[in-house]
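User: I am new to this structure and would like a close look at one part of it, a single helix and what lies around it. Please then connect that part to the other places in the chain that deserve a careful reading.

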Amino acid sequence: MSFDTGTDALARLTEERVDHRFKGLPPDAEGLTVGELAAQRRNLFSGGFATPVLALSAERLEHNLALMETYTERHGLAFAPHGKTSMAPQLFRRQVEHGAWGITLAVPHQVRVARAFGTRRIFLANELVDAPALRWIAAELERDAEFRFVCYVDSVRGVELMDAALKGSSRPVDVVVELAAGEGARTGVRTEAECAAVADAVAAAGTLRLVGVAGYEGEVPRADPDRVHAYLHRLVALAADFDTAGRFAGTDEIVVSAGGSAWFDAVADVFAGIPGLSLPVLKLLRSGAYVSHDDGRYREVTPFNRVPEEGALEPAFRLWAQIVSRPSAEQAFANAGKRDAAYDLDLPFAQVIRRDGTERPAAGVSVTGLSDQHTWLATAPEADVRVGDWVGLGLSHPCTSFDKWQLIPVAEADGTVVDYVRTFF
């Protein structure tokens, strides 16, 4: 199991009191526990919720979890979805229940959150050189024999710093050499010769164990199918070369990991052709944005657009705001802004208008900008928008949507709120 089934930390989330910390929740729910509020099954639109309020679709969330479980099983992939997307331990648990091997994370704080809620397998997609964090990881490994932790290395200097911080630890820290996606890409070792030098440094460090290779194809310069496939073939060849050289001695499986949310079809394709190595291969996919998907960037770039026969993810987020100003026939303003909506990749999308319990498409309404607490809306002649209407906004980029909300209602299609997702950013 990649989760500690004995932990009660998740159960304790239901005991947290609803108060001013949590945007959008009903003011009259002050003092109730989250569990008590969930048990009331209030309606998002008539149960006292205040705008702006972000909601997750219960049905679409479950659909996305099930779809990626089926996809990874079909392609023989282990799955460690990137937890930095949601930083929601309740969703980590559901991802593991839907077959995930473990959870990918990016920085030590995120690892601490995941461990606090019982995550047993963590893949850190970053080189970790912070000495206090490394000592904490070593203590966790010593405390829990079932804890599996793997992280990147991408420099000899990084290996030296890790080794110095981990001196005296009882269990070695498993590492994978990160191969850069190309010149000018984000992180990673630029050449295969440099990868070998990093691997040599790991072998010389008694505190580390080399277990595989990894990379991120989303950083391939001028990415297209041919370039992405070429990079992934380099990654697989590096694993094979390391294996031939006997660099994976002391481990019982070889980790080969890649996969963001835009090219996981290419990862599945190339990883299917990994040659027979001396040990079993853990083909580890790390795509994370799937859990909520979106109405913008990831809707455009999802691999399911290229392989529609495999299914389709569904955008699970909707941000509800209220029209608070209609100063002219061409303009309206809603009460959500940069504090509430992702805007780093695309502005939100006006999708529906809700008035007197009736919902209809937001015809003639478009988002032109965001202030801190306002959405700027352009209204064409056909737009029927009044002060007091609710406007449902689609969002682009899950990673910068989750992080603006500490407690997110999960609503069924009729608006019944059946759960609340707590985030820890």
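**A helix and its surroundings**

Analyst: Directly after helix 7 comes G168, a residue whose phi is positive, near 90 degrees. Everything described here is read from a predicted model, and the helix itself is the place to begin.

Helix 7 covers residues 156-166, and its buried residues are G158, V159, M162, D163, A165 and L166. Looking down the axis of helix 7, one finds these buried residues within an arc of 165 degrees, so they line one face of the helix. As background to such a pattern, an α-helix has 3.6 residues a turn, so residues three or four places apart point the same way. The other side of helix 7 carries R157 and A164, which are exposed. The buried residues have several partners: they pack against helix 6, helix 8 (192-204), strand 4 (121-127), strand 5 (148-153), strand 6 (173-178) and strand 7 (208-214).

One of those partners, helix 6, leads on to another pairing. Helix 6 (residues 131-143) and helix 5 (residues 108-116) have axes that come within 10 Å and cross at roughly 25 degrees, which makes helix 5 roughly parallel to helix 6. The crossing of these two helices is left-handed. From helix 5, the residues P108, V111, R112 and R115 take part, and they meet A133, W136, I137, E140 and R143 of helix 6. Sorted by class, the residues of this contact of helix 5 with helix 6 comprise five nonpolar and four charged, with no polar ones.

A second helix pair can be read in the same manner. The axes of helix 9 (residues 225-244) and helix 10 (residues 264-271) come within 10 Å, and they cross at roughly 45 degrees; helix 9 and helix 10 are therefore oblique to each other. The crossing in which helix 9 passes helix 10 is right-handed. On the helix 9 side the contact involves V228, H229, L232, H233, L235 and V236, while on the helix 10 side it involves A266, V267, D269, V270 and F271. By class, the contact of helix 9 with helix 10 consists of eight nonpolar, two polar and one charged residues.

Helix 10 also shows how a helix can be covered by its neighbours. Its buried residues are F264, D265, A266, V267, A268, V270 and F271, and because seven of the eight residues of helix 10 are buried, this helix is largely enclosed by the rest of the structure. Among the elements that cover the buried residues of helix 10 are helix 3 (58-74), helix 9, strand 8 (254-258) and strand 9 (281-285).

Two further buried residues, T33 and L407, show contacts beyond their neighbours in sequence. T33 is located in the loop between helix 1 (9-13) and helix 2 (34-39), and with 11% relative accessibility it counts as buried. Leaving aside residues up to four places away in sequence, T33 touches T14, E15, E16, R17 and V18. L407 belongs to strand 17 (residues 407-411), and with 4% relative accessibility L407 counts as buried. Although L407 and E15 are 392 residues apart in sequence, their C-alpha atoms are 13 Å apart in space. With residues up to four places away in sequence again left out, L407 touches F22, L25, V34, Y420, V421 and R422.

Some details of the backbone complete the reading. The peptide bond between T51 and P52 is cis, with omega about -5 degrees, and P52 sits in the loop between helix 2 and strand 1 (53-57). R41 also lies in the loop between helix 2 and strand 1; it is not a glycine, yet it has a positive phi of about 50 degrees, and at 46% relative accessibility R41 counts as partly exposed. A positive phi of about 50 degrees is likewise found at D356, which is not a glycine either. D356 is placed in the loop between strand 12 (349-355) and strand 13 (358-361), and with 75% relative accessibility D356 counts as exposed.

Technical notes: Residues numbered from 1 in each chain as written. Predicted model: local features only at pLDDT ≥ 70, side-chain atom pairs only at ≥ 80, totals over all residues. Heavy atoms only, no water. Axes fitted to C-alpha atoms, helices over the stretch in contact; angles between N-to-C directions. Helix = DSSP H or I, 4+ residues; strand = E, 2+ residues; numbered from the N terminus. Parallel < 35°, antiparallel > 145°, perpendicular 65-115°, else oblique. Left-handed = near helix turned anticlockwise from the far one by under 90°. Contact = heavy atoms within 4.5 Å. Nonpolar A, V, L, I, M, F, W, Y, C, P; charged D, E, K, R; others polar. Buried < 20%, exposed > 50% of the residue type's maximum accessible area, 1.4 Å probe, protein only. Arc of directions from axis to C-beta.
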